[in-house]
Amino acid sequence: MNAVPVVTRFAPSPTGELHLGNVRTALFNLLLARRLGGRYVLRIEDTDLARTTEAHVAGLLGDLRWLGLAWDEGPEAAGAHGPYRQSQRGDVYAPLLRRLEEQDLAYPCFCTSAELELSRRAQLAAGRPPRYAGTCAQLDATARAARVAAGARAALRFRIPAGRTLQFDDLVHGPQQVDAALIGDFVIRREDGTPAFFFANAVDDSLMQVTHVLRGEDHLANTPRQLLVLEALGLRAPRYGHLPLLTGTDGTPLSKRNGAQSVRELREAGFGAPAICNLLFRLGHSCADNRSLAIEAMAARFDPAHLQRASAHFDPVQLRHWQGLWVRSLSPEAAQDWLAPFLPTDVPPAQRAAAVAALLPNIVAAGEVSEWLPVVFGGELRFEPEARAAVERAGAGFFRAVAAAVTDPAELPALRAASERKGAEFFAPLRAALTGRMHGPELAPLLKAMPPALVRARLAAWAG
RNA sequence: GCUCCCUUCGUCUAGAGGCCCAGGACACGGCCCUCUCAAGGCUGGAACACGAGUUCGAAUCUCGUAGGGAGCGCCA
């Protein structure tokens with residue numbers, strides 16, 4: 001029935017580090033493409049020359065790849081509709097802009113930002129929407145020529161047609177209707193010649209054959225502008241779906257203040273890409289399956305009908321949950337790779353493996369291993385008061401008896417039996433002496449990971 | 001100010017007129033398991049923003065109120 005192949009896209013602006021809100025948008029577009037058997041395009045919207053940096057572009061691509069959200073078409077994966085960076089698409093935009101101007105569907109605007117700001121303030125003060133006043137809308141050719149001759153530079157403004165009502169069917173919000181009279185003429189080419197968002201974004205989607213766009217709800221009210229631009233150019237518009245915004249735990253937009261971290265920060269803290277994606281998959285989208293899912297499994301369960309309309313709180317506690325599921329699913333080898341950056345480098349492989357095996361069940365974020373490093377590899381133990389008390393209660397005799405044989409964890413049960421102590425009475429002081437704490441990983445694997453000399457020294461310290 | 005969007009347990013959500021005195025997950029409490037913690041199993045408390053209407057019947061439809069958010073940029 002629908003012969004047009006599905007194409008979705010993610011079109012970030014490389015003006016900062018990748019944040020969770022953007023990641024979710026990318027994820028959903030990728031999932032939608034996979035679900036519908038289509039392609040997923042990445043386009044870099046770097047028209048804001050001042051704020052775009054190459055470091056941000058590189059970071060963006062790296063973060064997306066690390067997350068497992070690779071694109072079918074885009075930078076470093078060229079397809080038929082490139083280039084995929086708006087800064088390189090000037091030749092694509094120029095004729096379209098010229099056409100709009102020639103047909104008087106757009107006009108040069110000589111207003112300065114100071115004038116515009118003044119006008120905006122005046123309208124706001126008068127209790128009216130701050131729209132472009134139309135100062136340059138009726139300038140004739142002579143007047144324009146005079147301004148240009150006088151050295152004035154112009155932006156290009158799109159002329160809103162009179163008496164239009166725009167209708168579109170939003171993928172998540174359903175039918176929408178907007179009176180075009182409510183929209184002011186807007187800039188489609190800046191004074192410096194770069195294309196503005198409403199224009200470039202809409203045009204590129206169409207030119208790149210994008211059929212479905214999932215994007216932030218902040219774009220909902222502006223969608224009619226893009227529809228108008230595409231209509232004027234005779235280009236086909238994609239279907240838009242506006243995702244509810246992601247907020248922090250306090251309900252305000254995600255920011256450093258409410259615990260939002262960039263992808264880079266999360267990665268460096270040892271969070272896994274699957275944990276991040278699984279959480280995001282359920283923020284604004286419902287899924288009956290509570291297991292940690294791979295991208296393909298998410299795609300199979302992704303359904304635009306299950307998209308939420310209300311904004312969602314990002315909760316670090318829930319991130320920990322998905323992280324825990326992921327960590328527990330790790331193979332021994334994968335766990336070692338994951339923890340490697342957080343472990344000392346000068347440790348024999350066998351001991352490393354033993355340490356990871358012992359600590360893994362008690363670790364959620366990778367950074368948490370650091371507090372166990374002194375325990376396992378040697379170093380000053382910080383005794384909890386309770387642990388000290390437990391050790392002292394057990395007495396020197398206990399440690400003398402136990403010191404001889406503990407190097408072989410397999411003998412722990414026999415030793416315990418010989419000590420004629422109940423489980424807790426035997427293990428608690430042992431654990432306390434070895435780790436300085438009352439809680440932690442199981443003792444047998446812990447002992448396997450600790451150098452025998454370290455074990456002996458820690459027990460001997462209490463043997464009198 | 002104007003326009004638009006939104007509103008189910010603390011949080012993420014199920015729910016598209018009777019299946020719901022509202023189900024699941026996270027978090028929290030209890031119990032079990034267990035050398036402790038974690039994990040796991042069982043279990044408990046916890047929500048339809050408010051008010052009118054429509055209907056035999058409303059979390060679900062309509063209107064209004066309140067609250068939250070977004071847009072109105074030569075940012076994207």
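This text walks through a predicted model of a protein with an RNA strand, from its cores to its RNA surface and some backbone details.

The model is predicted, so local features need pLDDT of at least 70, side-chain atom pairs count only at pLDDT 80 or more, and totals for chains, interfaces and linings use all residues. Residues are numbered from 1 along each chain as its sequence is written, chains are lettered from A and ligands numbered from 1 in the order in which they are written, and side-chain values use heavy atoms, with hydrogens and water left out.

Start inside the protein. In soluble globular proteins, nonpolar side chains tend to be buried together. A nonpolar core here is a set of buried Ala, Val, Leu, Ile, Met, Phe, Trp, Tyr and Cys residues joined through side-chain atoms within 4.5 Å. Buried means under 20% relative accessible area, exposed over 50%, and partly exposed in between (1.4 Å probe, protein chains only). The largest such core has 49 residues. Leu-27, Leu-31, Leu-64, Leu-67 and Leu-69 have the most contacts inside it. Elements giving two or more residues to this core include α1 (20–35), β2 (39–42), α2 (54–67) and α11 (316–329). Helices (H or I, at least four residues) and strands (E, at least two) are DSSP runs, numbered from the N terminus. The top contributor is α1, with nine residues. A second, separate core holds 45 residues, among them Val-327, Val-356, Val-376 and Val-402.

Back in the largest core, take Leu-64. Contact means heavy atoms within 4.5 Å. Leaving out residues up to four places away in sequence, Leu-64 touches Phe-10, Leu-18, Ala-26, Leu-42, Leu-69, Ala-70 and Trp-71.

Next comes the loop between α2 and α3 (90–102), which holds Glu-73. Glu-73 is buried, at 4% relative accessible area. Its side chain makes a polar contact of 2.8 Å with that of Arg-39. A polar contact is a pair of N or O atoms within 3.5 Å; within protein, one must be able to donate a hydrogen and the other to accept it, and residues adjacent in sequence count only if both atoms are side-chain atoms. Beyond four places in sequence, Glu-73 also touches Tyr-40, Gly-79, His-81 and Tyr-84, among others.

Most residues other than glycine have a negative phi, and most peptide bonds are trans. The loop between α2 and α3 also contains Glu-76 and Pro-83. Phi of Glu-76 is positive, near 65°, and Glu-76 is exposed, with 63% relative accessible area. The peptide bond from Gly-82 to Pro-83 is cis, with omega near -5°. Gln-209 has a positive phi too, about 65°. Gln-209 sits in the loop between α6 and β8 (212–216) and is partly exposed, at 44%.

Now the RNA. A residue is near a strand if one of its heavy atoms lies within 4 Å of it. RNA strand B is surrounded by 62 residues, with Gly-127, Arg-190, Gly-284, Asn-362 and His-439 the closest. Of the strand B atoms within 4 Å of the protein, 73% belong to sugar and phosphate. A polar side-chain atom of Glu-217 lies 3.4 Å from a sugar or linking oxygen of the strand. Asn-362 instead places a polar side-chain atom 2.4 Å from a base oxygen. Elements that give two or more residues to this surface include α4 (113–125), α6 (197–207) and α17 (423–435).
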